[in-house]
Amino acid sequence: MDYLLHHTLRTCAERFPQKEALVHRDRRLSFADLASSVAALAQGLRDAGVERTDRVGIYLEPSIEQVVSIYAASQAGGVFVPMHQGLFAQQIAHIASDCQMKVLITDAKRLERLQEILPQVSSIETIVVVGETDVEVNRETLAFNALLATTAKKPWHDVAIEKDLGAILYTSGSTGKPKGVMLSHANLVAGASIVSEYLSITDADRILAVLPFSFDAGLNQLTTAFQQGSTLVLTTFLFAKEIVDVLERESITGLAGVPSMWALLAQPGSKLKATPLPHLRYITNTGGAMQVNVLTKLREALPTTQPFLMYGLTEAFRSTYLPPEELDRRPTSIGKAIPNTEILVVNENGQLCGPDEPGELVHHGPTVSLGYWGHPELTNRVLRPHPFPSPGDAEVAKVCYSGDLVKMDADGFLYFIGRRDNQIKSSGFRVSPTEIEEILCKNADLQEAAVIGIPDAVLGHRIKAFVVAGEGATVQSDELLAECATAMPRHMIPKEIEVVAELPKTSSGKVNYPALRQGEGVG
Amino acid sequence: MQLQETTAAKIREFVYAQFPLARQREIGDDVSLIEEGIVDSLGILEIVTFVETEFSIILEDDEMLGENFNTIASLSAFIHAKIEGTVSADA
């Protein structure tokens with residue numbers, strides 16, 4: 001029975017030992033090779049002291065080593081914490097301290113960047129390094145390749161159960177620093193089964209992974225592929241045509257993306273239209289609504305490919321999808337509940353909404369996460385008892401209150417309206433305004449700052465900051481922008497900083513964000 | 001020659017404004033924007049949109065090459081050649 005994430009890979013290695021499992025550039029691993037690398041690294045991690053539910057951070061570029069690390073952390077009984085390769089040292093320090101990370105797997109280049117923050121992160125005992133390094137750190141350092149040479153000592157005996165924590169994905173909310181969303185093995189395996197079901201993923205599929213594994217939909221590419229025995233191809237790109245080339249060369253059958261990526265592929269003059277891709281069975285969009293004109297262009301360029309528009313939030317993994325046959329009728333809908341999931345729309349009085357009445361999307365099903373690491377109060381605000389429990393429920397199930405406003409039409413199809421809070425979504429990443437405000441206010445010349453998201457067709461939100469200079473100080477927006485560039489990854493950097501005399505305030509003295517948005521013509 | 005300098009100046013100004021890291025590090029015309037991590041895939045899209053609007057040209061997919069977008073200098077030279085080519089083709 002495959003109840004832990006790494007079981008699915010083990011099963012594939014038994015069913016299809018010689019089948020191609022993972023491709024990155026010119027490296028190709030069979031399921032047998034991959035499972036044996038995972039087993040060796042898992043043994044190496046156990047020997048290094050990883051015990052049940054210890055957190056293992058993975059800060060690597062998309063690579064074979066990154067995939068092996070995820071499954072090995074699981075097999076060692078640990079909890080994997082995938083971190084986006086583009087994060088800066090300070091963000092890694094926050095995540096590592098927050099989840100009390102015990103082992104960090106990174107590469108030589110990134111270790112050099114992390115040197116300055118390591119003293120802040122006392123929980124890290126061991127660092128596993130991919131590649132040669134002469135960087136000296138005051139922790140046990142092990143070479144990734146040396147661990148891969150570890151021989152598994154005895155038949156593996158799992159002590160973990162499916163309710164155990166399997167992964168923590170860091171994501172931003174509307175305030176403060178990123179929070180760790182806790183996923184159990186049961187969540188991870190259910191997410192893979194559900195998505196495989198509605199995308200009809202089988203061992204005949206070849207999935208191109210472009211989205212990062214630190215992102216729930218990105219991770220799902222990996223978990224579905226290795227549950228069904230599909231081949232996963234890893235790639236990074238700068239130009240849209242690099243994606244098109246790999247789609248063609250590798251006979252890719254499935255591709256998941258975010259709106260900004262589709263906008264790149266739908267550019268005028270894009271090679272996509274001129275390249276026949278008969279193998280490409282489906283594409284999926286998540287991380288924000290795809291522009292209707294982009295969708296139209298993609299459908300013209302890919303006449304035999306089925307587009308699936310999906311909606312999900314990390315706290316509940318995946319929630320809805322629009323079946324492709326509904327696209328012409330309701331191109332702006334986020335669809336209906338994914339299999340084995342109930343989606344409710346609830347108004348402010350806690351009652352079910354009628355047709356077209358706006359309310360909060362509430363998710364009930366096996367992918368509802370375990371909440372936020374170290375934030376039980378916040379968890380209780382987001383994960384609450386089912387508002388309409390079924391008769392006979394001994395213990396009322398926890399459901400996820402998404403914070404997303406939606407409405408449901410008379411046929412049961414859902415439409416996204418907006419957020420209930422100030423959360424920003426920039427090129428598929430959730431961004432908290434306060435996180436940017438805090439970084440801006442490290443500048444001693446600033447008295448205060450407020451950040452809003454302005455709807456943008458390509459990015460989802462374009463980030464704008466309003467800043468007030470301290471008494472007697474003057475600030476230049478271009479200099480502040482340059483400072484931001486050294487302190488935060490690109491998706492967090494404001495597109496514009498406006499210096500203002502004062503910020504609008506509410507009667508209780510808080511920043512009036514709606515007034516700032518209205519000033520920009522956004523309701 | 002003067003046109004080429006104007007093209008370079010416009011591109012430099014855009015890159016400095018849109019990619020604050022370039023400004024912070026005082027990136028010269030010959031430094032790789034890609035290797036320095038200043039421009040990513042979305043950055044390329046921003047540059048393409050800017051160039052197409054500013055210079056009224058359409059960039060083709062086969063022109064989307066790392067060598068054309070690598071530095072401010074290579075981008076300027078590429079755009080300049082493209083404008084010249086468009087002008088002479090029209091003439």
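Which residues of helix H14 (residues 433-440) of chain A are buried? I started there. The model is a predicted one.

**Entry 1: helix H14**

I listed the buried positions of H14(A): Pro433(A), Thr434(A), Glu435(A), Ile436(A) and Leu440(A). Next I looked up what covers them. Four strands turned up in the cover: S23 (424-426), S24 (429-431), S25 (446-456) and S26 (460-469) of chain A. Helix H15 (477-487) of chain A is also included. I kept H15(A) in mind for the interface entry. As a reminder on helix geometry, an α-helix has 3.6 residues a turn, so residues three or four places apart point the same way.

**Entry 2: chain A as a whole**

I counted secondary structure next. Chain A holds 16 helices and 27 strands. Its radius of gyration is 23 Å, and the globule rule gives 24 Å for 523 residues, so chain A is as compact as a globular protein of that length. The box around its C-alpha atoms is roughly 65 × 60 × 55 Å along the principal axes. I then checked burial: 50% of the 523 residues of chain A count as buried. For contacts between residues at least 6 apart in sequence, I found that 65% join residues at least 24 apart.

I also pulled the domain assignment of chain A. It gives domain 1 (1-155), domain 2 (306-419) and domain 3 (424-519). The centres of domain 1 and domain 2 of chain A, over C-alpha atoms, are 33 Å apart.

**Entry 3: the nine-stranded sheet**

I traced an open sheet of nine strands in chain A. The order reads S2-S1-S11-S10-S12-S13-S14-S15-S16, and the pairing is mixed. The edges are strand S2 (27-30) and strand S16 (336-337) of chain A, each of which pairs on one side only. At the S16(A) edge, strand S15 (residues 320-322) of chain A pairs with S16(A) in the antiparallel sense, over two bridges. I looked up the partner of Tyr321(A) in S16(A) and got Lys336(A).

Which strands does helix H8 (residues 216-228) of chain A touch as it packs on the sheet? I found strand S10 (206-209), strand S11 (231-234) and strand S12 (254-257) of chain A. The direction of H8(A) makes about 155° with that of S10(A).

**Entry 4: positive phi**

I went through backbone angles. Most residues other than glycine have a negative phi, and most peptide bonds are trans. I noted two non-glycine residues with positive values.

- Gln100(A) has phi near 50°. Its loop runs between helix H4 (89-98) and strand S5 (103-107) of chain A. Gln100(A) counts as partly exposed because it has 14 C-beta neighbours inside 10 Å.
- Ser200(A) has phi near 50°. Its loop joins helix H7 (185-198) and S10 of chain A. Ser200(A) counts as partly exposed because it has 13 C-beta neighbours inside 10 Å.

**Entry 5: Pro504**

I picked Pro504(A), in the loop between strand S27 (496-499) and helix H16 (513-519) of chain A. Is it buried, exposed or partly exposed? With 15 C-beta neighbours inside 10 Å, Pro504(A) counts as partly exposed. Leaving out residues up to four places away in sequence, Pro504(A) touches Asn512(A), Ala515(A) and Leu516(A). I also took one long distance. Thr367(A) is 137 residues from Pro504(A) in sequence and 40 Å from it in space, C-alpha to C-alpha.

**Entry 6: chain B**

I turned to chain B. It has five helices and zero strands. Along the sequence the pattern is α-α-α-α-α. The radius of gyration is 13 Å against the 12 Å of the globule rule for 91 residues, so chain B is as compact as a globular protein of that length. Its C-alpha trace spans about 40 × 30 × 20 Å along the principal axes. Buried residues make up 31% of chain B. Among its contacts between residues at least 6 apart in sequence, 60% join residues at least 24 apart.

**Entry 7: where A meets B**

How many residues of chain A are in contact with chain B? I got 21, in contact with 17 residues of chain B. On the chain A side, helix H10 (259-265) and H15 each supply at least two residues. H15(A) gives the most, with six. By class, I noted eleven nonpolar, six polar and four charged residues on the chain A side. H15(A) is thus noted twice: in the cover of the buried residues of H14(A), and on the side of chain A that touches chain B.

Definitions and conventions
Residues are numbered from 1 along each chain as its sequence is written. Chains are lettered from A and ligands numbered from 1 in the order in which they are written. This is a predicted model: local features need pLDDT of at least 70, side-chain atom pairs count only at pLDDT 80 or more; totals for chains, interfaces and linings use all residues. The radius of gyration is taken over C-alpha atoms; the globule rule is 2.2 Å times the number of residues to the power 0.38. A residue is buried if 20 or more other C-beta atoms lie within 10 Å of its own, exposed if 12 or fewer, and partly exposed in between; C-beta atoms are placed from the backbone. Two residues are in contact if their C-beta atoms, placed from the backbone, lie within 7 Å. Two strands pair if DSSP finds at least two bridges between them. Axes are lines fitted to C-alpha atoms, for helices over the stretch in contact, and angles run from 0 to 180 degrees between N-to-C directions. Domain bounds come from an automatic or database domain assignment. Ala, Val, Leu, Ile, Met, Phe, Trp, Tyr, Cys and Pro count as nonpolar, Asp, Glu, Lys and Arg as charged, and the others, Gly among them, as polar.
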